[in-house]
Amino acid sequence: MITKKEVQRIAKLARLGITKKEEEMFQKELSSILDYFIFLKKADTSLVEPTFRPSEYFLKEEFGKTREDRQETQPAEKINKLRDAFPEKEKDYLKVKSIL
Amino acid sequence: MELYELDILQAHQGLVKKEFSASELVKSFLGKIRETDKKISAFLTITKKEALLTAKKIDGLIASGQEIPVLAGIPIAIKDNILTEGVRTTCASKILENYIASYDATSVKKLKELGAIIIGKTNLDEFAMGASTENSAFFPTKNPYDPTRVAGGSSGGSAAAVASNMCVYALGSDTGGSIRQPASFCGVVSLKPTYGAVSRYGLVAFASSLDQIGPLTKTVDDSKIVFNAIRGWDRMDSTSVKSRIKNYELRIKNLKIGIPKEYFVKGIEPGVERVIKKTIKKAEELGVKIEEISLPNTKYALPAYYLIATSEASANLARYDGIRYSKVKREQVDQKETNSSPGTFPGRGGAKVKNLLDYYLTIRGNGFGKEVKRRIMLGAYSLSAGYYDAYYLKAEKTRTLIKNDFDKAFSKVDVIFTPVAPTAAFKIGEKTKDPLSMYLADVFTVSASLAGLPAVSVPVGFTRNLPVGLQIIGKPFEENTILEIGSRIFKKK
């Protein structure tokens with residue numbers, strides 16, 4: 001069983017504000033889900049490496065090729081659209097709450 | 001026959017032969033939506049104005065005697081976690097309720113270039129997390145065969161819209177079964193492509209090593225058309241790959257079909273098993289060879305999938321902080337919980353939001369629904385110090401075992417047949433109280449996702465008057481093989 005303290009720690013790590021009620025609910029639910037998942041222990045993985053992406057195997061030669069790291073100029077229209085999605089702004093700047 | 005009953009090929013023929021115009025076609029669907037969606041609740045947004053405008057353009061092209069692509073003028077519905085420029089894209093979440101997409105997803109862009117007409121955005125489980133579309137922050141989508149039952153999920157809106165003739169076809173996204181399972185519940189055809197076959201650019205990320213976009217259609221041929229239109233390498237998605245799809249004449253006579261015994265065990269609904277077994281017999285009559293195979297690590301697929309998917313989700317959803325993607329409603333910051341004791345954080349116990357951390361906690365605590373929070377918590381837990389090796393890393397290693405099972409099986413057989421889901425569509429509310437029982441609805445679809453393999457879901461029969469789907473899993477990039485077999489087995493009702 002996960003403790004309430006662990007639930008609080010995880011919630012803070014995940015930046016989720018949860019109520020006391022949710023704290024209790026998640027304690028119960030996460031415990032029962034993890035109890036069920038723990039039978040994964042029985043899988044013998046002593047001889048295998050992890051597969052973080054399925055295509056690592058079938059696409060060996062071209063997997064993970066990234067674009068050249070250089071600045072790409074974007075059309076002003078696109079930039080404005082992204083800016084329009086800011087909930088609060090001052091001129092062209094995104095406005096956020098103070099950090100401290 | 002009404003215009004809204006047509007499939008892609010039929011509608012294209014009609015347009016080319018000038019039996020009806022694209023505008024008339026769109027109007028027929030708008031009328032059908034008005035009449036039907038009150039009952040089904042498949043759509044979150046209807047893009048009537050844009051649809052009629054595009055239709056007019058296509059009609060102009062046809063009138064001027066130009067040859068049009070097969071998808072030109074054909075109405076499509078798009079799952080609301082796929083970006084459509086200038087149109088609201090909510091992921092069925094309160095946190096993105098007012099978000100207007102700044103650009104088109106690559107798959108949407110490709111379809112638009114072919115003249116496709118977007119008729120609306122469809123409902124889903126919030127951020128594609130669920131198997132019933134009941135986790136939508138707005139409303140659940142109902143099954144067109146029985147409105148007291150779920151449409152499946154998470155692409156439930158797309159599946160129900162196709163099944164009830166509110167669009168000709170739809171796009172969905174599949175992470176652990178989210179295209180295939182609703183297609184099975186609603187009796188439509190669908191394809192989850194090989195990981196990397198279709199660009200994920202503009203698909204709101206849930207679990208990046210699993211997510212794929214794919215079509216939901218009325219016929220197998222239609223799925224092939226849509227898949228060919230959206231597949232291919234994209235410089236905006238480093239996991240997408242250059243097309244390596246083989247086009248060849250399939251000789252069905254020499255084909256070997258594997259039936260994994262682990263998929264026919266206790267827990268499967270007898271009616272579903274009956275329909276699938278009958279379909280296997282029918283395939284045998286086509287001249288294929290049936291072979292029993294074993295995928296011994298199947299039992300580990302579900303926990304491995306949920307640990308991996310939630311871990312990736314907890315990282316992907318970190319970007320929803322209330323300061324980038326449109327205004328989050330004021331009350332979501334100030335809202336007071338009536339029956340909660342002073343909250344463990346400000347904002348929901350009545351205390352003032354003072355700094356950025358308070359703001360994050362409040363916006364995310366109020367903006368995400370229960371299942372999304374549950375999965376973020378689960379993922380953050382299995383990634384956290386002290387648990388990483390036992391949960392996350394163990395799951396990624398188990399994924400290799402599952403992949404190896406398939407490799408071994410595919411050295412003996414060409415494709416694999418399984419049921420899509422252990423049951424037909426379940427009742428609305430039946431599984432919402434017990435998250436684990438909802439997770440088990442994905443038990444037959446998560447393995448192909450973990451291994452990145454392509455799989456189609458084809459309606460093959462009914463149990464208790466509800467559709468049953470057959471899953472055909474193929475080797476990487478052999479979409480054409482599984483679609484071809486699907487088309488031989490599938491009979492349009």
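The following questions and answers concern salt bridges, cysteines and surface patches in a predicted model.

User: How many salt bridges does a search of the whole structure find over all chains?
Analyst: The model is a predicted one. A salt bridge here requires a side-chain nitrogen of Lys or Arg within 4 Å of a carboxyl oxygen of Asp or Glu. Over all chains, the search finds a total of 23.

User: Which residue forms a salt bridge with Glu371(B), and how far apart are the closest N and O atoms?
Analyst: Glu371(B) belongs to helix H12 (residues 370-383) of chain B, and its partner is 4 residues apart from it in that helix, a separation of about one helical turn. Glu371(B) is buried, because its relative accessible area is 8%. The partner also counts as buried, at 3% relative accessibility. The residue is Arg375(B), and the closest N and O atoms are 2.6 Å apart.

User: Which residues are linked with Glu371(B) and Arg375(B) in a network of salt bridges?
Analyst: Glu371(B) and Arg375(B) form a salt bridge with each other. Their network also takes in a residue of chain A and a further residue of chain B. These are Glu29(A) and Arg374(B).

User: How many residues apart in sequence are the parts tied together by Lys224(B) and Glu484(B)?
Analyst: The side chains of Lys224(B) and Glu484(B) meet in a salt bridge, at 3.4 Å from N to O. Lys224(B) lies in helix H7 (residues 220-230) of chain B and Glu484(B) in helix H16 (residues 479-489) of chain B, so the parts that the pair ties together are 260 residues apart.

User: Is Glu90(A), which meets Lys95(A) in a salt bridge, buried or exposed?
Analyst: The side chains of Glu90(A) and Lys95(A) meet at 3.9 Å, N to O. Lys95(A) has a relative accessible area of 39% and is therefore partly exposed. For Glu90(A) the relative accessible area is 53%, so this residue is exposed.

User: Why is Cys167(B) not bonded to the closest cysteine sulfur?
Analyst: A disulfide is a covalent bond between the sulfur atoms of two cysteines. The cut-off for such a pair of sulfur atoms is within 2.5 Å. The closest cysteine sulfur to that of Cys167(B) is in Cys186(B), and it is too far for a bond because the distance is 11 Å.

User: How many disulfides are found over all chains, and are Cys167(B) and Cys186(B) buried or exposed?
Analyst: The search of the whole structure finds 0 disulfides. Cys186(B) is in none, the nearest cysteine sulfur being that of Cys167(B). Cys167(B) has a relative accessible area of 0%. Cys186(B) likewise stands at 0% relative accessibility, so Cys167(B) and Cys186(B) are both buried.

User: Which element contributes the largest share of the positive patch?
Analyst: The patch on the surface is formed by Arg34(B), Lys38(B), Lys39(B) and Lys48(B). Among them, Lys38(B) is exposed, because its relative accessibility is 69%, and this lysine lies in helix H2 of chain B. The largest share of the patch, 3 residues, comes from helix H2 (residues 22-40) of chain B.

User: What accessible area do Phe52(A), Leu383(B) and Tyr388(B) have together?
Analyst: Phe52(A) is found in the loop between helix H2 (20-37) and helix H3 (55-58) of chain A. With a relative accessible area of 32%, Phe52(A) is partly exposed. Together with Leu383(B) and Tyr388(B), Phe52(A) forms a nonpolar patch on the surface with an accessible area of about 220 Å².

Technical notes. Residues numbered from 1 in each chain as written. Chains lettered and ligands numbered in written order. Predicted model: local features only at pLDDT ≥ 70, side-chain atom pairs only at ≥ 80, totals over all residues. Heavy atoms only, no water. Patch = residues over 30% accessible without salt bridge, like charges linked within 9 Å, V, L, I, M, F, W, Y side chains within 5 Å. Areas by Shrake-Rupley, 256 points an atom, 1.4 Å probe, with all protein chains shown as cover. Lys, Arg positive; Asp, Glu negative; His and termini not counted. Charge placed at Lys NZ, Arg CZ, Asp CG, Glu CD. Helix = DSSP H or I, 4+ residues; strand = E, 2+ residues; numbered from the N terminus. Buried < 20%, exposed > 50% of the residue type's maximum accessible area, 1.4 Å probe, protein only.
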